[in-house]
Amino acid sequence: MSDSIQTMDLLPLFSDPVLMHTAYQAQSPLHDIADSGAVTINAQWEQGQTDRWYIELQRRCALLITTGLLHGTHTLIERGWRALTWGFRQQDTDGSFPTSAGAPLHTSSFFIEAAARSLLLLQEANSQQDHARIVEYSARIHASARWLTRPEVAEAGRQANMPFTHRRWLMAAALGQAARLTKDAELAQHAASYAHDGLRLQTSEGVNPELSGYDVRYQYIGVFFATVYALTCADPLLRAQVSAMITRALDWLATKLQADGTLGIAGSTRVGIERNREGAIKTVEDVQLVETLALAARLTGDLGYRRLAARIAVQRGLIYQPLTTISERASAPSQQRRFAFVFVCQSGELENRAVLLAASLRRFLRCRYELFAAVPTPAETWGEIRPLTRQILESLGVCMVDIQNPIGRDFPNANKIPCLSIPTSADKVIFLDSDILCVRDFDDEPRFAISFNAKPSDVARFARSAQDWQLAFETAGTQLPDQMIPTTTAKNYMPPYFNGGFVAVDRALDFGSAWLSCLQAIRQDERLPAERAYSDQIGLAAAVRKLDLAVDCLDERYNFPVNIRRLDPRYPPYFAHYHDAEYVRQEPLLRDLVRQIVTDHPQIKTLLAESPMWQQAMQPPATIRSRVSKREAKASELIITGISRSGTSYLCNLLHRYSNCVILNEPEAIFAPLQSQFIPWGVATFYRQIRADVLDGRPIRNKLQDGKITQDTAFNDSYSEYVPTVDNENFVLGSKNNVAYLSHLARIRRVLPDARVIVCVRNPFDTIGSWKKSFAHLRDADINNRPIGHPNDVWLPEPLKSRLQQIAEVSDVAQRRALLWQYFAERVLDHASQVQIVHYDALVSDPMTVLDRILDGYDRGTLREPITASAIRLSRDSLDEQDRLCIRTICSQAASELGVYD
């Protein structure tokens, strides 16, 4: 296959908002899939309730995996894997599914198409934890696809498939995707043969015949599989022919569309007549029709199909959001909304941000739009825009308009307000903060028919008391709404309160006047708390209420807080709110985008070169020895924890000996987010910063001894700065903390879901013996004097805080030590199924086996120095009889479950 086809991604095609709100809603049902993975009739079959099952029903795996990937829902992905696994358990050694009912080639091709598509999507998402399964099931798919092409199987299948055009496209999609997955050129040739056969059968009117006539249901089903096939087709001519066939087929199908969004089935040869596997009469499935139209729009570039998909979705009640005004707009697909995107371009740093925003909008906007740069005047107050900035913006098609701040120089945030009142004929005005980048295709969506669109605030920036909120809204001349919504990162509940970085309003509303009126009243009322300095956002919420607007609360895809959270490149937002060039430097996705922009627009590079903040963000990483492709890149991260004195520092030292590993021993920066954030996003952004600093050759802090990671913090617990070197961007990055990480492992896994968690344990006799000879807080089992994991730790569950308090109140120190070891052992057992447990004795006596398991699949590099086995250190000589009695009495059960008891 050609490189262009090999590098084409499927996942962005399925991430179309229309699809994410219909075919791939996060609320996808799971009730018809058994825990075993069997789907509908197959679940009945395995329970002995029916005498037949069908492999094709397991194609539900693709729906679950796609939905899980699009929404980041791992439970759906795992459910999809169960459906896949159940199906392949029925596979014979030759690749067939001999006990399945139904025509062998046809029923198998449904499952193989869905399975291959699922694995291709998982590959594109760099699903690291699924790597081994992807390899295993790719081989199984290959066997089944090769079985489908056996002469005796294919010939029998061709005879059975003769009257059904859609089956040609199903076979083309199944074999084409299997070919792409396994890089089997012969399978690709078989897929092309089926495609040519399907092209030959289409009539001049665009009908793809079924049973010597037309069928509206199988018309769109065939087009769906043809679209999927076209995305894997390496032959550009054949691909163009398929695209043209799809256009003709959908244009004919549109003639059967009725005013209420349904397809007329009169004259169809199969729908409304035949029964499905469950015995029900076959009907038009609105969701698959919408999915077919939306995907075809992406393939053919005809946005008319997408608008048609949106209209049908709204009319048929498939979109999961208020539909009061959406229906009115969506009912006229030929009148796509026009957007006016407006941002401030003020003298200084905002000039740099404004040109980058404009360039990113030009790169990714797929809707009807116009761009405006609002320039604050007079220049004596706000400064003069550089001639080069004006030249760049004009070259990008940006119209520059003068605005006046309605409050004054001391409140620059008020520059936003006149942006919503610029002269434009657009239907929707979208204000964007200048420190935003558009990072993927953005198109019109049904949700923008709602009058007001904005994302809730990231965190609470105004007083949380009900009285203050009530007073603020009354001051603005309106009433406090009853509704409460959560802030998007801190999860505080408060009245509707929005981030002002992305605000979309209907042009006809004159929203700016209402916003200004509310904001001025709030600023002048000294009864309100000092946080009224954020009166632009408080006034924004009050203005929405005062005008009684329908509100669409956007999710973070439209205004992602890069300063607070780390981007997941598998699920990029539409708009990334980066706040500062430093966060662009840290985020590979944004850094790559800026580098692409300055490559395409040398004038922007000239402009940014004057800013030290942007110079680094424009440069590639400096310290790596080689590059990895985006397809090879994956998250390679470790969280190392355990019961103190169980070998965690020694493990850090061993891992750090690899040329492509950087391991931080007890970094101080992780304490602040663990103490202050309900969801500790700051731990993930710390990893992001360290990765960027290492790649840029900046010094980092670590616990070092003689230039190496400290093996034993009891002997050296000090920090120093150094500049590590690595082989490539995909280096392994890990950090270690015992009490803090072990106390809050569930919270940390929330923000670093792909990181491998390593937990070290050791025999309690030696562990507690080492406690007595090392740190005072361990010797005395001092629970209260630690920054995290104490009885008053606000984020610990109440039962755990109560348990710690009980331990702290025990006066006998030997008993307290044993109780504390037992407490931490129970925390390890709480997470045992989700972590790798490392036994101290194995780490010391057979370190390479342990390291190979930890680093499996990661690019660890080469060893800088050899790693050899050493003698196991016993530390129990410091124990007295009371210690031994307490350990035997208190710790034996947990130690036995962990496999570390004598």
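Helices here are DSSP runs of H or I with at least four residues, numbered from the N terminus. The model is predicted.

**Exercise 1.** Place Tyr229 in the fold and decide whether Tyr229 is buried or exposed.

*Solution.*
Step 1. Find the element. Tyr229 sits in helix 12, residues 216-230.
Step 2. Apply the cut-off. Buried means under 20% relative accessible area.
Step 3. Compare. Tyr229 has a relative accessible area of 3%, so Tyr229 is buried.
Step 4. List contacts, leaving out residues up to four places away in sequence. Tyr229 touches Trp169, Ala172, Ala173, Gly176, Ala191, Ala192, Ala195, Leu238 and Val242.
Step 5. Check one pair. Tyr229 and Ala173 lie 56 residues apart in sequence, yet their C-alpha atoms are 4.3 Å apart.

**Exercise 2.** Describe the span, burial and end of helix 10.

*Solution.*
Step 1. Take the span. Helix 10 covers residues 165-182, 18 residues in total. From first C-alpha to last, helix 10 reaches 26 Å, close to the 26 Å expected at 1.5 Å a residue.
Step 2. Take the burial. Of the 18 residues in helix 10, 17 are buried.
Step 3. Look past the end. Lys183 follows helix 10, and its phi is positive, near 60°.

**Exercise 3.** Explain why Cys886 forms no disulfide.

*Solution.*
Step 1. Recall the bond. A disulfide is a covalent bond between the sulfur atoms of two cysteines.
Step 2. Set the cut-off. The two sulfur atoms must lie within 2.5 Å.
Step 3. Test the pair. The closest cysteine sulfur to that of Cys886 belongs to Cys891, at 8.5 Å, so the distance is too far for a bond.
Step 4. Check the total. The structure holds zero disulfides.
Step 5. Add the burial. Cys886 is buried, at 7% relative accessible area. Cys233 is buried too, at 3%.

Notes:
Residues numbered from 1 in each chain as written. Predicted model: local features only at pLDDT ≥ 70, side-chain atom pairs only at ≥ 80, totals over all residues. Heavy atoms only, no water. Helix = DSSP H or I, 4+ residues; strand = E, 2+ residues; numbered from the N terminus. Expected span 1.5 Å × (residues − 1). Buried < 20%, exposed > 50% of the residue type's maximum accessible area, 1.4 Å probe, protein only. Contact = heavy atoms within 4.5 Å.
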